[in-house]
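Work through these exercises with the sequence and the structure side by side. Try each task before you read its solution.

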Amino acid sequence: MKSGATHRLGRFRITERPRLLAVLIAVALTAALLTLALTQTFYQSTTTATASLGLASCPPADPVAAAKAAEYAATPTQLLAILHYATSSVVPQQSIDEIRVSFEVLRSLAPCNFLVFGVGRDSLMWASLNPRGVTLFLEEDPDWVKTVLRDAPILRAHPVNYRTRLSEADELISSYKAEPDCWPSAARLGPDSRCRLALTELPDEVYGREWDLIMIDAPRGYFPEAPGRMAAIYSAAVMARARVGPGVTHVFLHDVNRRVEKMFAEEFLCAKYRVKAVGRLWHFVIPPAANVTDSASSFC
């Protein structure tokens, strides 16, 4: 196997684990959708029975209830996810307890805007958990994007060019304050930023949309030549702080058992904003900078 393939497999941890987790995910998705479908079926059968009894002249059903029932219909992405995980021995890279952290937030906010750094065997699951919302994946490897989209063309994924290397992590965190474009008061993303930690070549949609959830599970960060997650963490912090709409930004960072992820999270995502830690996953709830006192001098 080529070294690149080895790295990719290492990153995604696509191993032939027991089928139990895949089955559990499929069962959970199925149960949720069946519950919603039964609600819709009950509504439809009740309407049909009423008409058959000659009661069609009664006032029509509550339009709000009818609209709600329509919302419960499974989306194509959800149905595809059930089929995929019910028939595959390849399971998501996060544990079920780690997945549950993000799931609870998605359940409360969906449909919402969900940005995911990394595309892989769990991408279909994340998209299905945000029905009728916007779920966008950013991936470092264009060939891997093609591979995943070949199996799940319904996903929305874009390749991303990273300008950093993991071996530069210590130098980047010690020197970023010397560049005014990296300062909290001036931090911005896009091609005009001179901050080496800023992602400057993302699709316009990423810059133009406010993201309710940001999942950082990429790029690779386990060998010196890998891009590392420094820029993804910094850019997620900038996006969260720049929010002008109501609410906060939920940021999920995976692999916090690694030194660089932990170091950059504490510098830019902030321990005071961390609300949960499960396994190798940290969950941050970051308010807009406009709502924070003295936010111009420090990210934290």
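**Exercise 1.** Number the bonded cysteines of the chain in sequence order: what is the pairing?

Solution. Note that this is a predicted model.

Step 1. Count the disulfides: the structure holds two.

Step 2. Find the partners. Cysteine 182 bonds to cysteine 195, with the sulfur atoms 2.0 Å apart. Cysteine 270 is joined to cysteine 300, at 2.1 Å from S to S. Each distance can be checked against the cut-off, since a disulfide needs two cysteine sulfur atoms within 2.5 Å.

Step 3. Number the bonded cysteines along the chain and read off the pairing: 1-2, 3-4.

**Exercise 2.** Decide the handedness of the disulfide between cysteine 182 and cysteine 195, and place both cysteines in the chain.

Solution.

Step 1. Take the torsion about the S-S bond of cysteine 182 and cysteine 195. It is about 105°, so this disulfide is right-handed.

Step 2. Place the partners. Cysteine 182 and cysteine 195 both sit in the loop between α8 (169-175) and α9, 13 residues apart.

Step 3. Check exposure: cysteine 182 and cysteine 195 are both buried.

**Exercise 3.** Do the analysis again for cysteine 270 and cysteine 300.

Solution.

Step 1. The torsion about the S-S bond is -90°, and the link of cysteine 270 and cysteine 300 is left-handed.

Step 2. Cysteine 270 lies in the loop between α11 and β6 (274-278), while cysteine 300 lies in the segment after β7 (281-286). The pair therefore ties together parts that are 30 residues apart in sequence.

Step 3. Sort the two by exposure. Buried means under 20% relative accessible area. Cysteine 270 has 1%, so this residue is buried. Cysteine 300 has 35%, so this residue counts as partly exposed.

**Exercise 4.** Describe the salt bridge between aspartate 212 and arginine 243: how far apart are the closest N and O atoms?

Solution.

Step 1. The closest N and O atoms of aspartate 212 and arginine 243 are 2.8 Å apart. The cut-off for a salt bridge is 4 Å.

Step 2. Locate the partners. Aspartate 212 is in the loop between α9 (204-208) and β4 (213-216), and arginine 243 is in the loop between α10 (230-241) and β5 (249-254). The pair links distant parts of the chain, 31 residues apart.

Step 3. Are the partners buried or exposed? Aspartate 212 has a relative accessible area of 17%, so this residue is buried. Arginine 243 has 8%, so this residue is buried too.

**Exercise 5.** Start at arginine 229 and trace its salt bridges to aspartate 217 and glutamate 261.

Solution.

Step 1. Arginine 229 bridges to aspartate 217, with the closest N and O atoms 3.7 Å apart. Both residues are in the loop between β4 and α10, twelve residues apart.

Step 2. Arginine 229 also meets glutamate 261 in a salt bridge, at 3.8 Å from N to O. Glutamate 261 is in helix α11 (residues 259-269), 32 residues from arginine 229.

Step 3. Follow the shared partners. Salt bridges join Asp217, Arg229, Asp255, Arg258, Glu261 and Arg280 into one network.

Step 4. Check exposure. Arginine 229 is buried at 2% relative accessibility. Aspartate 217 is buried at 5%. Glutamate 261 is buried, with a relative accessible area of 2%.

Step 5. Put the network in context: the whole structure has 19 salt bridges.

Notes: Residues are numbered from 1 along each chain as its sequence is written. This is a predicted model: local features need pLDDT of at least 70, side-chain atom pairs count only at pLDDT 80 or more; totals for chains, interfaces and linings use all residues. Side-chain values use heavy atoms; hydrogens and water are left out. A salt bridge is a side-chain nitrogen of Lys or Arg within 4 Å of a carboxyl oxygen of Asp or Glu. Helices (H or I, at least four residues) and strands (E, at least two) are DSSP runs, numbered from the N terminus. Buried means under 20% relative accessible area, exposed over 50%, partly exposed in between (1.4 Å probe, protein chains only).
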